[in-house]
Amino acid sequence: MTSDIPEAPAARPVPFAEALAAGPVVLDGGMSNQLESAGHDLSDELWSARLLAERPEAITEAHLAYYEAGADVAITSSYQATFEGFAKRGIGRERAAELLAMSVELAREATRQAAAKGVRRPLYVAASVGPYGAMLADGSEYRGRYGLSVAELEAFHRPRLEVLAAAGPDVLALETVPDADEAQALVRAVRGLGVPAWLSYSVAGDHTRAGQPLEEAFALAAEADEIVAVGVNCCVPEDVNSAVETAARVTGKPVVVYPNSGESWDAEARRWEGRSSFTPEEVTGWRESGARLIGGCCRVGPEAVSGIAGALR
(Lines give C-alpha, C1' and ligand atoms only; values in the text may rest on other atoms or scores of the structure.)
Protein backbone atom coordinates (compact mmCIF):
# COMPACT_ATOMS: atom_id res chain seq x y z
CA MET A 1 0.00 0.00 0.00
CA THR A 2 1.42 3.37 -0.97
CA SER A 3 1.19 6.41 1.27
CA ASP A 4 -0.64 9.56 0.17
CA ILE A 5 1.75 11.65 2.28
CA PRO A 6 4.13 13.51 -0.05
CA GLU A 7 7.85 13.03 0.38
CA ALA A 8 9.47 15.81 2.43
CA PRO A 9 11.38 18.27 0.27
CA ALA A 10 15.10 18.88 0.74
CA ALA A 11 15.97 21.64 3.18
CA ARG A 12 15.99 25.05 1.55
CA PRO A 13 19.44 26.55 2.08
CA VAL A 14 19.79 29.76 3.99
CA PRO A 15 22.26 32.17 2.36
CA PHE A 16 25.77 30.79 2.45
CA ALA A 17 27.18 33.48 4.74
CA GLU A 18 24.40 32.79 7.25
CA ALA A 19 25.19 29.08 7.18
CA LEU A 20 28.82 29.88 8.07
CA ALA A 21 27.71 32.09 10.94
CA ALA A 22 25.47 29.32 12.29
CA GLY A 23 28.17 26.68 12.64
CA PRO A 24 30.66 24.43 10.83
CA VAL A 25 30.03 23.67 7.17
CA VAL A 26 31.53 20.58 5.52
CA LEU A 27 33.30 20.91 2.20
CA ASP A 28 33.81 18.10 -0.28
CA GLY A 29 37.14 16.50 -1.20
CA GLY A 30 39.23 16.28 -4.35
CA MET A 31 37.36 16.18 -7.65
CA SER A 32 40.23 14.69 -9.64
CA ASN A 33 40.87 11.73 -7.35
CA GLN A 34 37.18 10.89 -7.30
CA LEU A 35 37.01 10.96 -11.10
CA GLU A 36 40.19 8.92 -11.43
CA SER A 37 38.88 6.33 -8.99
CA ALA A 38 35.88 5.97 -11.31
CA GLY A 39 38.25 5.17 -14.18
CA HIS A 40 38.50 8.52 -15.97
CA ASP A 41 41.80 9.61 -17.53
CA LEU A 42 42.73 13.15 -16.48
CA SER A 43 46.21 13.28 -18.04
CA ASP A 44 45.34 16.42 -19.94
CA GLU A 45 46.07 20.14 -19.56
CA LEU A 46 42.36 20.77 -18.98
CA TRP A 47 42.36 18.20 -16.15
CA SER A 48 38.83 17.53 -14.87
CA ALA A 49 37.47 20.41 -16.99
CA ARG A 50 37.85 18.19 -20.07
CA LEU A 51 34.99 16.03 -18.81
CA LEU A 52 32.63 19.02 -18.89
CA ALA A 53 32.46 18.48 -22.65
CA GLU A 54 33.09 14.74 -22.84
CA ARG A 55 31.49 13.12 -19.77
CA PRO A 56 29.41 15.63 -17.81
CA GLU A 57 27.43 12.90 -16.06
CA ALA A 58 30.68 11.69 -14.46
CA ILE A 59 31.12 15.07 -12.79
CA THR A 60 27.60 14.96 -11.36
CA GLU A 61 28.30 11.46 -10.03
CA ALA A 62 31.47 12.69 -8.32
CA HIS A 63 29.61 15.57 -6.66
CA LEU A 64 26.85 13.21 -5.56
CA ALA A 65 29.35 10.86 -3.91
CA TYR A 66 30.56 13.72 -1.72
CA TYR A 67 27.07 14.94 -0.83
CA GLU A 68 26.13 11.40 0.19
CA ALA A 69 29.35 11.16 2.22
CA GLY A 70 28.33 14.17 4.29
CA ALA A 71 29.56 17.25 2.41
CA ASP A 72 27.37 20.35 2.58
CA VAL A 73 29.24 22.10 -0.25
CA ALA A 74 30.42 20.80 -3.62
CA ILE A 75 33.13 22.69 -5.49
CA THR A 76 32.57 22.75 -9.24
CA SER A 77 34.89 21.30 -11.88
CA SER A 78 35.80 24.77 -13.22
CA TYR A 79 39.17 25.09 -11.44
CA GLN A 80 41.12 24.67 -14.66
CA ALA A 81 38.34 25.86 -16.98
CA THR A 82 39.29 29.16 -18.61
CA PHE A 83 38.61 30.85 -21.92
CA GLU A 84 42.32 30.72 -22.71
CA GLY A 85 42.70 27.08 -21.78
CA PHE A 86 39.69 26.03 -23.86
CA ALA A 87 40.97 28.11 -26.79
CA LYS A 88 44.14 26.01 -26.86
CA ARG A 89 41.88 23.04 -27.57
CA GLY A 90 40.00 24.82 -30.33
CA ILE A 91 36.94 25.58 -28.18
CA GLY A 92 35.53 29.02 -28.96
CA ARG A 93 34.50 31.63 -26.44
CA GLU A 94 30.74 30.98 -26.66
CA ARG A 95 31.13 27.25 -26.09
CA ALA A 96 33.66 27.87 -23.32
CA ALA A 97 31.13 30.07 -21.54
CA GLU A 98 28.53 27.31 -21.86
CA LEU A 99 30.93 24.80 -20.31
CA LEU A 100 31.74 27.13 -17.42
CA ALA A 101 28.05 27.61 -16.69
CA MET A 102 27.50 23.86 -17.07
CA SER A 103 29.95 23.21 -14.23
CA VAL A 104 27.56 24.99 -11.86
CA GLU A 105 24.49 23.23 -13.22
CA LEU A 106 26.11 19.79 -12.89
CA ALA A 107 26.75 20.41 -9.20
CA ARG A 108 23.20 21.75 -8.80
CA GLU A 109 21.89 18.58 -10.45
CA ALA A 110 23.83 16.57 -7.86
CA THR A 111 21.99 18.45 -5.08
CA ARG A 112 18.69 17.38 -6.66
CA GLN A 113 19.82 13.77 -6.95
CA ALA A 114 21.04 13.81 -3.36
CA ALA A 115 17.65 15.10 -2.21
CA ALA A 116 15.94 12.35 -4.19
CA LYS A 117 18.11 9.84 -2.32
CA GLY A 118 17.04 11.21 1.04
CA VAL A 119 19.67 13.83 1.89
CA ARG A 120 17.67 16.48 3.77
CA ARG A 121 20.29 18.99 4.97
CA PRO A 122 20.92 22.20 2.99
CA LEU A 123 23.36 21.68 0.12
CA TYR A 124 25.46 24.38 -1.54
CA VAL A 125 27.38 24.85 -4.79
CA ALA A 126 30.72 26.66 -4.86
CA ALA A 127 31.99 27.73 -8.29
CA SER A 128 35.72 27.06 -8.43
CA VAL A 129 38.03 29.80 -9.69
CA GLY A 130 41.57 28.49 -9.91
CA PRO A 131 44.66 30.70 -10.20
CA TYR A 132 46.24 31.92 -13.41
CA GLY A 133 48.90 29.24 -13.06
CA ALA A 134 46.29 26.48 -13.34
CA MET A 135 45.60 27.60 -16.91
CA LEU A 136 49.33 27.31 -17.69
CA ALA A 137 49.26 23.68 -16.47
CA ASP A 138 52.96 23.77 -15.62
CA GLY A 139 52.84 23.71 -11.84
CA SER A 140 53.16 27.50 -11.53
CA GLU A 141 50.04 27.64 -9.36
CA TYR A 142 52.37 26.32 -6.67
CA ARG A 143 54.86 29.14 -7.25
CA GLY A 144 53.03 32.33 -8.28
CA ARG A 145 55.10 35.28 -9.48
CA TYR A 146 53.82 35.04 -13.06
CA GLY A 147 55.30 38.33 -14.20
CA LEU A 148 51.84 39.90 -14.62
CA SER A 149 50.53 43.03 -12.95
CA VAL A 150 47.54 43.06 -10.63
CA ALA A 151 45.53 44.79 -13.37
CA GLU A 152 46.47 42.10 -15.91
CA LEU A 153 45.47 39.34 -13.51
CA GLU A 154 42.17 41.07 -12.79
CA ALA A 155 41.49 41.27 -16.52
CA PHE A 156 42.20 37.54 -16.85
CA HIS A 157 39.86 36.52 -14.02
CA ARG A 158 36.92 38.89 -14.41
CA PRO A 159 35.28 37.43 -17.57
CA ARG A 160 35.28 33.90 -16.14
CA LEU A 161 33.95 35.16 -12.82
CA GLU A 162 31.11 36.97 -14.59
CA VAL A 163 30.03 33.78 -16.37
CA LEU A 164 30.23 31.66 -13.24
CA ALA A 165 28.37 34.21 -11.13
CA ALA A 166 25.59 34.44 -13.73
CA ALA A 167 25.16 30.64 -13.53
CA GLY A 168 23.87 31.01 -9.96
CA PRO A 169 26.28 29.35 -7.53
CA ASP A 170 25.86 29.95 -3.81
CA VAL A 171 29.46 31.11 -3.46
CA LEU A 172 32.60 31.60 -5.54
CA ALA A 173 35.67 29.60 -4.45
CA LEU A 174 38.76 31.70 -5.20
CA GLU A 175 41.09 28.84 -4.43
CA THR A 176 44.69 27.63 -4.43
CA VAL A 177 45.93 31.21 -4.80
CA PRO A 178 49.75 31.20 -4.53
CA ASP A 179 50.43 34.91 -4.60
CA ALA A 180 49.12 37.96 -2.73
CA ASP A 181 49.20 39.97 -5.98
CA GLU A 182 46.77 37.52 -7.55
CA ALA A 183 44.62 37.62 -4.42
CA GLN A 184 44.43 41.39 -4.74
CA ALA A 185 43.34 40.99 -8.36
CA LEU A 186 40.66 38.47 -7.41
CA VAL A 187 39.30 40.64 -4.60
CA ARG A 188 38.91 43.42 -7.15
CA ALA A 189 37.43 41.10 -9.77
CA VAL A 190 34.56 39.85 -7.57
CA ARG A 191 33.24 43.33 -6.82
CA GLY A 192 29.70 43.91 -7.99
CA LEU A 193 28.99 40.32 -9.02
CA GLY A 194 26.35 39.81 -6.35
CA VAL A 195 27.74 36.44 -5.23
CA PRO A 196 29.79 35.97 -2.03
CA ALA A 197 33.24 34.45 -2.29
CA TRP A 198 35.88 32.79 -0.20
CA LEU A 199 39.61 33.32 -0.73
CA SER A 200 42.02 30.51 0.06
CA TYR A 201 45.76 30.49 -0.42
CA SER A 202 48.14 27.69 -1.21
CA VAL A 203 50.84 28.03 1.43
CA ALA A 204 54.20 26.77 2.62
CA GLY A 205 54.59 27.28 6.34
CA ASP A 206 53.54 30.81 7.32
CA HIS A 207 54.00 32.26 3.82
CA THR A 208 52.16 32.09 0.52
CA ARG A 209 53.77 29.91 -2.13
CA ALA A 210 55.16 33.12 -3.62
CA GLY A 211 56.82 33.95 -0.32
CA GLN A 212 54.62 36.69 1.16
CA PRO A 213 53.84 36.56 4.91
CA LEU A 214 50.34 35.23 5.52
CA GLU A 215 49.48 38.17 7.77
CA GLU A 216 49.92 40.52 4.79
CA ALA A 217 48.16 38.15 2.41
CA PHE A 218 45.06 37.70 4.57
CA ALA A 219 44.88 41.44 5.29
CA LEU A 220 44.04 42.04 1.62
CA ALA A 221 40.59 40.49 2.21
CA ALA A 222 39.88 41.93 5.65
CA GLU A 223 37.79 44.88 4.44
CA ALA A 224 36.25 43.23 1.36
CA ASP A 225 32.56 42.66 1.99
CA GLU A 226 32.34 40.20 -0.91
CA ILE A 227 34.82 37.85 0.79
CA VAL A 228 32.91 35.90 3.45
CA ALA A 229 35.71 33.50 4.42
CA VAL A 230 39.48 33.31 4.09
CA GLY A 231 41.92 30.48 4.59
CA VAL A 232 44.08 27.85 2.94
CA ASN A 233 43.75 24.85 0.68
CA CYS A 234 45.96 22.49 -1.33
CA CYS A 235 48.60 22.53 1.40
CA VAL A 236 49.94 19.86 3.72
CA PRO A 237 47.84 19.31 6.86
CA GLU A 238 50.76 20.34 9.05
CA ASP A 239 50.53 23.94 7.75
CA VAL A 240 46.88 24.37 8.69
CA ASN A 241 46.83 25.22 12.38
CA SER A 242 49.03 28.30 12.21
CA ALA A 243 47.27 29.55 9.07
CA VAL A 244 43.82 29.23 10.66
CA GLU A 245 44.87 31.24 13.68
CA THR A 246 46.46 33.95 11.51
CA ALA A 247 43.47 34.20 9.17
CA ALA A 248 41.00 34.51 12.04
CA ARG A 249 43.09 37.09 13.89
CA VAL A 250 43.88 39.28 10.87
CA THR A 251 40.45 39.33 9.21
CA GLY A 252 37.86 38.43 11.86
CA LYS A 253 36.12 36.36 9.17
CA PRO A 254 35.20 32.66 9.22
CA VAL A 255 38.12 30.52 8.09
CA VAL A 256 38.08 27.99 5.25
CA VAL A 257 40.43 25.01 5.37
CA TYR A 258 40.80 22.11 2.96
CA PRO A 259 44.29 20.64 2.80
CA ASN A 260 45.64 17.87 0.63
CA SER A 261 46.21 14.38 1.94
CA GLY A 262 49.82 15.24 2.72
CA GLU A 263 51.25 13.77 -0.47
CA SER A 264 53.19 16.06 -2.84
CA TRP A 265 52.56 16.76 -6.52
CA ASP A 266 55.41 16.23 -9.01
CA ALA A 267 54.46 18.66 -11.80
CA GLU A 268 57.04 17.26 -14.22
CA ALA A 269 56.04 13.64 -13.76
CA ARG A 270 52.37 14.64 -13.24
CA ARG A 271 51.86 12.31 -10.28
CA TRP A 272 51.45 12.35 -6.51
CA GLU A 273 54.27 11.11 -4.31
CA GLY A 274 54.75 10.36 -0.62
CA ARG A 275 52.31 9.24 2.04
CA SER A 276 49.05 10.62 3.36
CA SER A 277 49.24 12.42 6.70
CA PHE A 278 45.65 13.70 6.79
CA THR A 279 43.34 12.43 9.53
CA PRO A 280 39.72 13.57 9.95
CA GLU A 281 40.27 13.81 13.71
CA GLU A 282 42.40 16.92 13.14
CA VAL A 283 39.38 19.00 12.15
CA THR A 284 38.14 19.53 15.70
CA GLY A 285 41.32 21.46 16.47
CA TRP A 286 40.92 23.54 13.32
CA ARG A 287 37.34 24.33 14.32
CA GLU A 288 38.44 25.46 17.77
CA SER A 289 40.99 27.81 16.14
CA GLY A 290 38.30 29.49 14.00
CA ALA A 291 37.75 27.26 10.98
CA ARG A 292 34.09 27.11 9.92
CA LEU A 293 34.33 25.72 6.37
CA ILE A 294 36.27 22.46 6.48
CA GLY A 295 36.99 19.73 3.96
CA GLY A 296 39.77 18.23 1.88
CA CYS A 297 41.53 18.96 -1.39
CA CYS A 298 43.70 16.71 -3.55
CA ARG A 299 43.71 13.01 -2.67
CA VAL A 300 41.03 13.43 0.01
CA GLY A 301 38.04 11.28 -0.94
CA PRO A 302 34.47 10.58 0.23
CA GLU A 303 35.57 8.31 3.07
CA ALA A 304 37.68 11.07 4.60
CA VAL A 305 34.91 13.62 4.07
CA SER A 306 32.54 11.30 5.90
CA GLY A 307 35.01 11.29 8.78
CA ILE A 308 35.18 15.09 8.74
CA ALA A 309 31.40 15.35 8.81
CA GLY A 310 31.24 12.93 11.70
CA ALA A 311 33.82 14.89 13.67
CA LEU A 312 32.09 18.23 13.11
CA ARG A 313 28.54 17.03 13.74
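Start by selecting helix α6, residues 93–116: its 24 residues reach 35 Å from the first C-alpha to the last, close to the 34 Å expected at 1.5 Å a residue. Keep in mind as you go that this is a predicted model.

Now show the side chains that α6 buries. Among them are Leu99, Leu100, Ser103, Val104 and Leu106, along with Arg108 and Thr111. What do the buried residues of α6 pack against? Bring up α3 (50–54), α4 (56–69), α5 (83–88), β3 (124–129) and α8, and you have the full set of partners.

Stay on α6 and pick Arg95 and Glu98. They form a salt bridge, with the closest N and O atoms 3.1 Å apart. The two sit about one helical turn from each other, because they are 3 residues apart in α6. Arg95 is partly exposed at 37% relative accessibility, and Glu98 is partly exposed too, at 39%. Next, click on Arg93, which lies over the face of Phe83, 4.0 Å from the ring centre. Then step just past the end of α6 to Gly118, where phi is positive at about 105°.

From here, jump to Ser78, in the loop between β2 (73–75) and α5. Buried or exposed? With a relative accessibility of 0%, Ser78 counts as buried. Its side chain makes a polar contact of 2.7 Å with that of Thr76. Leaving aside neighbours within four places in sequence, Ser78 is in contact with Leu100, Ser103, Ala127, Ser128, Arg160 and Leu164. Leu100 and Ser103 should look familiar, as both are among the buried residues of α6.

Time for the rings. The whole structure has 6 aromatic pairs. Select Phe16 and Tyr124: their ring centres are 5.5 Å apart and their planes are at 75°, so this pair is edge-to-face. Phe16 belongs to helix α1 (residues 16–22) and Tyr124 to strand β3, so the pair links parts of the chain 108 residues apart. Both rings belong to buried residues. Add Trp198 and Tyr258 to the selection, and you have the cluster that ring pairs build together with Phe16 and Tyr124.

Another edge-to-face pair is Tyr201 with Phe218, at 5.6 Å centre to centre and 75° between the planes. Tyr201 comes from strand β5 (residues 197–201) and Phe218 from helix α10 (residues 214–219), 17 residues apart. Tyr201 and Phe218 are buried.

Back to charges: there are 13 salt bridges in the structure. Try Asp179 and Arg145, whose side chains meet at 2.8 Å, N to O. Asp179 is in the loop between β4 (171–177) and α9 (180–189), and Arg145 is in the loop between α7 and α8, so their bridge ties together parts 34 residues apart in sequence. Asp179 is buried at 2% relative accessibility, whereas Arg145 is partly exposed at 48%.

While Arg145 is selected, check its backbone. Most residues other than glycine have a negative phi, but Arg145 has a positive one, near 55°. Cys234 also has a positive phi, about 55°. You'll find Cys234 in the loop between β8 (227–233) and α11 (240–251), buried at 3% relative accessible area.

Finish with Arg188 and Glu154, a salt bridge of 3.9 Å, N to O. Arg188 is in helix α9 and Glu154 in helix α8, so this pair also ties together parts 34 residues apart.

Notes:
Residues are numbered from 1 along each chain as its sequence is written. This is a predicted model: local features need pLDDT of at least 70, side-chain atom pairs count only at pLDDT 80 or more; totals for chains, interfaces and linings use all residues. Side-chain values use heavy atoms; hydrogens and water are left out. Helices (H or I, at least four residues) and strands (E, at least two) are DSSP runs, numbered from the N terminus. Buried means under 20% relative accessible area, exposed over 50%, partly exposed in between (1.4 Å probe, protein chains only). The expected span of a helix is 1.5 Å times one less than its number of residues. Contact means heavy atoms within 4.5 Å. A polar contact is a pair of N or O atoms within 3.5 Å; within protein, one must be able to donate a hydrogen and the other to accept it, and residues adjacent in sequence count only if both atoms are side-chain atoms. Rings of Phe, Tyr and Trp (its six-membered ring) pair if their centres lie within 6.5 Å; planes under 30 degrees apart count as stacked, over 60 as edge-to-face and the rest as tilted. A charge sits over a ring if NZ of Lys or CZ of Arg is within 6 Å of the ring centre and within 35 degrees of the ring normal. A salt bridge is a side-chain nitrogen of Lys or Arg within 4 Å of a carboxyl oxygen of Asp or Glu.
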